[in-house]
Each structure stands twice: as structure tokens, then as C-alpha cells.
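Work through the following exercises with the sequence and the 3D structure at hand. Each task is followed by a solution in steps.

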Amino acid sequence: MSALESGGPEETRRLGEALGRAAEAGDVVLLSGELGAGKTVFVQGIARGLGFEAPVSSKSFVLLGEYAGRLTLYHADLYRLDSPEEVQELALDEISRDGVLVVEWPERGDLVLPEERLLLRFEVTGLETRRIAVEATGKRALALAEALGG
Ligand SMILES: Nc1ncnc2c1ncn2[C@@H]1O[C@H](COP(=O)(O)OP(=O)(O)OP(=O)(O)O)[C@@H](O)[C@H]1O
Ligand SMILES: [Mg+2]
């Protein structure tokens, strides 16, 4: 496991962008970390790396946002999830096959996800600084971690 350091939101966005450029259909990325840690900022970067320019919503009532870039980006935020059943209804395991699936607050749902995935743990280390621990499981996740420089 390795860790990345970010000195500000734009740096986090650039990290996400590098991941977005390297992403392939079927890739799964889990983002954990406290409120305001920078998970959605990172997803904005992924969208940019996939060639999608419009803003990514951080509204917590949006359970699943779809953004069509080079590949479809599926952005799930499970923070406001009331029951594990709700997450089953999202059928994230199926979705993850034909696009890039990015999940914020994965620990909130009883997720059925491919075992191979990249887990990024965001930690607030200062007003503008974040540490992002990188945990890759599987070949694709390792490739994404490499693209991040982690
Ligand atoms: N290095 C950094 N990387 C990312 N965001 C940063 C950084 N420094 C400061 N910030 C600020 O922290 C906030 C991160 O917000 P963001 O919505 O991305 O958090 P989140 O992890 O998605 O939270 P939530 O769990 O509520 O969805 C933004 O206001 C951003 O400007
Ligand atoms: Mg968020």
C-alpha cells in the first residue's frame, strides 16, 4: 500500500484526472474518508480525465449520477442511503461492467462489488492538505494506482 499527498483541491482534481485517463470499462474505484475529505473533488477530476467537462454533483441525495465521457462514469454516493436494500436496487455490480464505477461511502452499503477494485482512503491532514492511501486489488487496480503515481 502506498499513499499520495495533495496540497489543494486542484491537485486532487489532477490526480483524479490521471485516473480518468487510464480508466477502462469495468474498473471499480471506492472512495472512503470523512465528510469534506475531497472524494467528490477527486471524482470531478476523473470526469475531466474521461473527457467530461460539466460539473459532477456533490448533492448527497443523488444516489447515482451518470456522466458520458470516453466511457460512462457512474458515480454513486451512499452517504444518505437508508437501507442496504436500496443499494441492491442500484445494481452496482452490473453497472460496473460497462463503465467506470466510483463509489463514495462504500462502507454505508452492503455492497456486492467485484473483488478487484481500487480503494482510496482520504484523510484530512490540514486545511488544504489531504493524504490519500492507495490499496489496489487486482491487475486493473494496480494499473490505476500506477497512473496515480501511487
Ligand atoms: N487537497 C484538497 N483536496 C480536495 N479537497 C480539498 C483539498 N483542500 C481543501 N479541499 C476542500 O475540501 C472540500 C472537499 O469537498 P468534497 O465534496 O470533495 O468532499 P467529500 O469527501 O466528497 O465529502 P462528502 O463525504 O460530504 O461527500 C472542498 O471544499 C475542497 O475545496
Ligand atoms: Mg462527496
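A residue counts as buried when its relative accessible area is under 20%, as exposed when that area is over 50%, and as partly exposed in between. The model used here is predicted.

**Exercise 1. Classify Gly33 as buried or exposed, and describe its surroundings.**

Step 1. Locate the residue: Gly33 lies in the loop between β2 (28-32) and α2.

Step 2. Apply the cut-off. The relative accessible area of Gly33 is 16%, so this residue is buried.

Step 3. List the contacts. With residues up to four places away in sequence set aside, Gly33 touches Lys39, Trp105 and Phe122.

Step 4. Take one separation across the chain. Gly33 and Ala147 are 114 residues apart along the chain, and their C-alpha atoms are separated by 21 Å.

**Exercise 2. Do the same for Leu35: state its place, its class and its contacts.**

Step 1. Leu35 is also placed in the loop between β2 and α2.

Step 2. Its relative accessible area is 55%, and therefore Leu35 is exposed.

Step 3. Beyond residues up to four places away in sequence, Leu35 touches Tyr79 and Trp105.

Step 4. From C-alpha to C-alpha, Leu35 and Val124 are 9.5 Å apart in space, while 89 residues apart in sequence.

**Exercise 3. Describe Trp105, which touches Gly33 and Leu35.**

Step 1. Trp105 sits in the loop between β5 and β6.

Step 2. A relative accessible area of 12% means that Trp105 is buried.

Step 3. Check the backbone. Phi of Trp105 is near 55°, which is a positive value in a residue other than glycine.

**Exercise 4. Which residues coordinate the magnesium ion (ligand 2), and where in the chain are they?**

Step 1. The magnesium ion is coordinated by Thr40 through OG1 and by Glu104 through OE, at 2.1 to 2.2 Å.

Step 2. Thr40 belongs to helix α2 (residues 39-49) and Glu104 to strand β5 (residues 100-104); the two are 64 residues apart, so the pair links distant parts of the chain.

Step 3. Classify both residues. Thr40 counts as buried because its relative accessibility is 12%. Glu104, with a relative accessible area of 3%, is buried.

**Exercise 5. Why can helix α2 be called largely enclosed?**

Step 1. Count the buried residues: nine of the 11 residues of α2 are buried, so the helix is largely enclosed by the rest of the structure.

Step 2. Name them. The buried residues in α2 are Lys39, Thr40, Val41, Phe42, Val43, Gly45, Ile46, Ala47 and Gly49.

Step 3. Find what covers them. These buried residues pack against helices α1 (9-22) and α5 (139-148), and against strands β2, β4 (72-77), β5 and β6.

Step 4. Look past the end of the helix: α2 is followed by Gly51, whose phi is positive, near 90°.

**Exercise 6. Place Thr125 and state its class.**

Step 1. Thr125 is in the loop between β6 (117-124) and β7 (130-137).

Step 2. Thr125 has 36% relative accessibility, and therefore counts as partly exposed.

Step 3. Apart from its neighbours within four places in sequence, Thr125 is in contact with Arg130 and Arg131.

Step 4. Ser6 is 119 residues away from Thr125 in sequence, with a C-alpha to C-alpha separation of 9.5 Å.

**Exercise 7. Summarise the chain as a whole: its elements, its size and its surface.**

Step 1. The chain has five helices and seven strands. From the N terminus on, their order is β-α-β-α-β-β-α-α-β-β-β-α.

Step 2. Compare the chain with a compact globule. For 150 residues, such a globule would have a radius of gyration near 15 Å; the chain has 14 Å, which agrees. Along the principal axes, the C-alpha atoms fill a box of roughly 35 × 30 × 30 Å.

Step 3. Turn to burial and contacts. Of the 150 residues, 47% count as buried. Among contacts between residues at least 6 apart in sequence, 66% join residues at least 24 apart.

Step 4. Consider the surface and the charges. The accessible surface comes to about 7400 Å², and 48% of this belongs to carbon and sulfur atoms. The chain carries 16 positive and 26 negative charges, whose mean positions are 5 Å apart.

Definitions and conventions
Residues are numbered from 1 along each chain as its sequence is written. Chains are lettered from A and ligands numbered from 1 in the order in which they are written. This is a predicted model: local features need pLDDT of at least 70, side-chain atom pairs count only at pLDDT 80 or more; totals for chains, interfaces and linings use all residues. Side-chain values use heavy atoms; hydrogens and water are left out. Helices (H or I, at least four residues) and strands (E, at least two) are DSSP runs, numbered from the N terminus. The radius of gyration is taken over C-alpha atoms; the globule rule is 2.2 Å times the number of residues to the power 0.38. Buried means under 20% relative accessible area, exposed over 50%, partly exposed in between (1.4 Å probe, protein chains only). Contact means heavy atoms within 4.5 Å. Accessible areas come from the Shrake-Rupley method with a 1.4 Å probe; for residues, only the protein chains shown count as cover. Lys and Arg count as positive and Asp and Glu as negative; His and the chain ends are not counted. The place of a charge is taken as NZ of Lys, CZ of Arg, CG of Asp or CD of Glu. Donors are N, O and S atoms within 2.8 Å of the metal (3.2 Å for Na, K and Ca); water is not among the atoms, so sites may look incomplete.
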